[in-house]
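Ready for some practice? Work through these short exercises with the structure on your screen, and try each task before you read its solution.

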Amino acid sequence: MKHNTKKLVLSGLFLAIGLVLPFLTGQIPEIGNMISPMHFPVLLCGFICGAPYGALVGLILPPVRFLLFQMPPLYPMGLAMAFEMAAYGLVYSRVQHNIKGIYLSLVPAMVIGRIVWGIAQVVLMGLSGDGFTFQAFIAGALINAVPAIVLQLILIPLIIAALQKAKILK
């Protein structure tokens, strides 16, 4: 019971970080969109707390942030992000705690999350009568996301290593 309470509290912390972190880049939306600040706490939550907690934080973070701050726009961006980040949290769960294990979980999570985002965009844009092209998917999931991908590949393992070194993570 104590272990589940700890995971629940940590998940709340990651949700709060996800709500606040975009304010660091909020003055320049283009930069915020490029580095995807809400993705970091979701990935960390999935790794530290496990798949169900990471998926739930990823799923509710964009709609809650929209309700509180009207950003990101809920339809279609926020909803597509919710599914994308739920996939991140679900896939990027605890594996081996060495650097190889971290990357073997992080890279597939990032790929699957972006595929889920693309599928969600196709469905949501189709509902509104707009199309979502393959070029839009490549631009949104890869080309525009390169800074976020690079930062996630560098910072997430560094944060986990620091938490391990500080004996916060076992």
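Keep in mind that this is a predicted model.

**Exercise 1: Cysteines**

Find out how many disulfides there are, and check where C45 and C49 stand.

*Solution.* Start with the cut-off: two cysteine sulfur atoms must lie within 2.5 Å to form a disulfide. Next, look at C45, whose nearest cysteine sulfur belongs to C49 and is 4.1 Å away. C49 in turn has the sulfur of C45 as its nearest, again at 4.1 Å. Because the limit is 2.5 Å, neither C45 nor C49 is in a disulfide. The count is therefore zero.

**Exercise 2: Buried or exposed?**

Decide whether C45 is buried or exposed, and then do the same for C49.

*Solution.* Buried means under 20% relative accessible area. C45 has 0% relative accessibility, so C45 is buried. C49 has a relative accessible area of 2%, so C49 is buried too.

**Exercise 3: Nonpolar cores**

Which helix supplies the largest share of the largest nonpolar core, and what does I160 touch?

*Solution.* First, get to know this core: it has 27 residues, and Y92, I156 and I160 have the most contacts inside it. Then go through the helices: helices 1, 3, 4, 5, 6 and 8 each supply at least two of its residues. Helix 3 (39–49) gives the largest share, eight residues. Now zoom in on I160: leaving out residues up to four places away in sequence, I160 touches L44, F47, Y92, I102 and L169. Finally, look for another core apart from this one: it has eight residues, including W117, M125, F137 and A141.

Definitions and conventions. Residues are numbered from 1 along each chain as its sequence is written. This is a predicted model: local features need pLDDT of at least 70, side-chain atom pairs count only at pLDDT 80 or more; totals for chains, interfaces and linings use all residues. Side-chain values use heavy atoms; hydrogens and water are left out. Buried means under 20% relative accessible area, exposed over 50%, partly exposed in between (1.4 Å probe, protein chains only). A nonpolar core is a set of buried Ala, Val, Leu, Ile, Met, Phe, Trp, Tyr and Cys residues joined through side-chain atoms within 4.5 Å. Helices (H or I, at least four residues) and strands (E, at least two) are DSSP runs, numbered from the N terminus. Contact means heavy atoms within 4.5 Å.
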